[in-house]
Amino acid sequence: MFPLIIIILAGFGCKKDSTPADQTPPEICNSSSAWTQGTAFEERTEQWGLTDVRGVKMSTADLDGDGYPDLVINEGSPFGRDDYAKGTRYHWVMMNVDDGNGGRTFVDQTEESGLFTPRQGDGGRASQIHVFGDVDNDGDLDAFAGAFYDANDPDSDQGDRSEILLNDGTGHFSLATQSDISIADGYATSGASFVDADADGKLDLWVTGWYEQYGYLYAEQDHLYLGNGDGTFTDATESAGLSMIRGTSLDDWLDGQARRSAYGATSCDLNGDSWPDLLASNYGRAWNQQWMNQGDGSFVDTSMSTGFAADDNLSYVDDQYYRCYCQVYGGCDPDPGSPSISGCDSAADYWTPGWDDQPARLAGNSFTTACGDIDNDGDNDLVTAEIVHWHIGQGSDPTELLINDGSGNFSRPGNDSNGLERTWPSADWNAGDLFTAMVDLDGDGWKDLVVSSSDYPDTHLFVWRQVAPGQFQDVSSDWGLDQEWPAGLAIADFDRDGDLDVVTGSSTARSGTPWETHEIHLYENLLGPGNTLRIALDGDSANARGIGATVQITTGDLTQTEQISGGYGHFGMQQDTVLHVGLDAACTVDEITVTWPGGAMDSWTDVRANYQVTLSQGGAIAYDGWSPGA
């Protein structure tokens, strides 16, 4: 291990070279870890102490600041309160600790962490969304814990509301003063992302909601809360231009004016102006929403013109409900032919002319939108995770890549063109994609795609390796990651050996699943160490963890673009706020450029691989001495 080296250059300017070659630490050079053949991952759940943990939703973040990502896991119930004395559990805070034998393990510190301390009463607090960011800029990660209120089942309400919890720096949390995020009459929270929407250096919060009441058109209003820097937040939804009408007619919904039920929130910079934009992944075959930041923290919905709202396939002739309707009631134009399902007398009533045949009802069931530069061209592309049922037909949007032209406009190359198309073994298939991530699992400098596909028959954890720019190969089985019926997704270098490990849960919602409980599975990456770099950011005028900052890493002819995320996706996913960058055979990074929220820029050259570096706004760099396997 090498001692901490801190290098600071005096002077000011937009870009600074703060790492002269004679002040950098020794070069560490490993062989490439890029996969060629053989199993790349091995399940090591028991070794990591996760055998008795249950969950279907999870996030990872370094809660105690020791440099190792921890896990926060939710068993699945939106209303369950932990009773530690009775052993009734719905939540786990699993801290990543030294196992005393040169390895790592997770230990249960849920109660001690205080993350589920209730406002009133004993035991735990009901919350199912957990994303992390430094809301008070004191150097540690605080938490947003999102609560779900179900108007169809008001008796399930425990009185718990969404909360901000402040970290004392050691992974112990306390409830912040209640503010606007704690909606008194309840809110069906479905997604959350920390974001500095107005670039004032204080983290804000983008929150999406589902239906006010399932079975009715009315959806929750999505919210933007501006951070006050002390753990309290003020609702700025209306002033930021994000308010939508509740909708009192089908026309309100069909013309795109009414609120839509979201299943996930995402924030990232889509047009390269250094201001974060906001995305809502919407359910019910509804248009998704892309809110573009106008450079002042106000937003305009551009989703219809940019291609994010939906694909352009509006066909419904193979929708089996439409075919049943036409068989039972007749007079259809176009004539779809005979249905492929039985029981048309009742199925016909699932189709409503003038409603189900309209563009606003011919999009997707979107759960998660992940943001990242999949093609290494310097802008953020998207992948949407979707549930698709065979009987709904080709008009239902599938899980697919959306490629950015650099201005926030997207094309859809199609799964049949890039290797992402799936072949299902039976005609009555269902794609149950809920969670997704763009990550470089083999360390070759190109992001791969991971999709957690829930528990419909014939689904599993899908992993597509990027084998050439924009071309993918299904390596789920080859890599040992084709777990049946997964749920949830957390990806990080948990053992800090230079490669990314994968954690997922087990869905039990449908019959035929092999799992008796929501057991957790950890798959350890065997490819490392390879050459890698861990990058932490330290903001000054920007927020402390640099959430929303764009980081460009250049080695030779390849530039990778990353953004620090404050959580995203279906019911709050989060990956490590320390970037993990695969460098393939490169042992030195030629240049790293950080563009902070709002546009300030710093640059460093000749950065050594196989260390963790902290890049500070203003030009400082610190090497912490870590190297893979050391």
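A salt bridge is counted where a side-chain nitrogen of Lys or Arg lies within 4 Å of a carboxyl oxygen of Asp or Glu. In this predicted model, the side chains of Arg 534 and Asp 576 satisfy that criterion, with an N to O distance of 3.9 Å. A search of the whole structure returns 19 such salt bridges. The points below cover these pairs, a four-stranded sheet, the nonpolar cores and some backbone features.

**Salt bridges**

- Arg 534 belongs to strand 31 (residues 531-538) and Asp 576 to the loop between strand 34 (569-570) and strand 35 (579-584), so their salt bridge ties together parts that are 42 residues apart in sequence.
- Both Arg 534 and Asp 576 are buried.
- Lys 447 pairs with Glu 562 in a salt bridge whose closest N and O atoms are 3.2 Å apart.
- Because Lys 447 lies in the loop between strand 24 and strand 25, while Glu 562 lies in strand 33 (residues 558-563), this pair ties together parts that are 115 residues apart in sequence.
- Lys 447 counts as buried at 6% relative accessibility, and Glu 562 counts as buried at 13%.
- A salt bridge also joins the side chains of Arg 608 and Asp 606, at 3.1 Å from N to O; Arg 608 is buried, its relative accessible area being 14%.
- Glu 42, Arg 44 and Glu 524 are joined into one network by salt bridges that share partners.

**The sheet of strands 24 to 27**

- Four strands, in the order 24-25-26-27, make up an open sheet with antiparallel pairing.
- Strand 24 (435-439) and strand 27 (471-474) are the edge strands; each has a single partner strand, so one side of each lacks a neighbour in the sheet.
- On average, neighbouring strands of this sheet are turned by 25° against each other, direction ignored.
- Four bridges connect strand 26 (residues 461-468) with strand 27 in the antiparallel sense.
- Trp 464 stands opposite Asp 474 of strand 27.

**Nonpolar cores**

- The largest nonpolar core has 89 residues, of which Phe 144, Phe 194, Leu 441 and Ile 535 touch the most other members.
- Beyond its neighbours within four places in sequence, Phe 144 is in contact with residues including Ile 129, Val 131, Ile 164, Ile 181, Phe 194, Leu 205 and Val 207.
- The contacts of Phe 144 also include His 130, Ser 162, Glu 163 and Thr 189.
- A second, separate core consists of 15 residues, among them Trp 92, Phe 106, Ala 490 and Leu 522.

**Backbone features**

- Most residues other than glycine have a negative phi, and most peptide bonds are trans. The residues below are listed against that background.
- Arg 285, which is not a glycine, has a positive phi of about 60°. Arg 285 is located in the loop between strand 16 (277-282) and strand 17 (289-293), and at 9% relative accessibility counts as buried.
- Ser 454 likewise has a positive phi, near 55°. Its place is the loop between strand 25 (448-452) and strand 26, where Ser 454 is buried with a relative accessible area of 4%.
- The peptide bond joining Asp 333 and Pro 334 is cis, with omega about 10°. Pro 334 sits in the loop between helix 4 (320-329) and helix 5 (344-347).

Conventions. Residues are numbered from 1 along each chain as its sequence is written. This is a predicted model: local features need pLDDT of at least 70, side-chain atom pairs count only at pLDDT 80 or more; totals for chains, interfaces and linings use all residues. Side-chain values use heavy atoms; hydrogens and water are left out. Two strands pair if DSSP finds at least two bridges between them. Helices (H or I, at least four residues) and strands (E, at least two) are DSSP runs, numbered from the N terminus. Axes are lines fitted to C-alpha atoms, for helices over the stretch in contact, and angles run from 0 to 180 degrees between N-to-C directions. A nonpolar core is a set of buried Ala, Val, Leu, Ile, Met, Phe, Trp, Tyr and Cys residues joined through side-chain atoms within 4.5 Å. Buried means under 20% relative accessible area, exposed over 50%, partly exposed in between (1.4 Å probe, protein chains only). Contact means heavy atoms within 4.5 Å.
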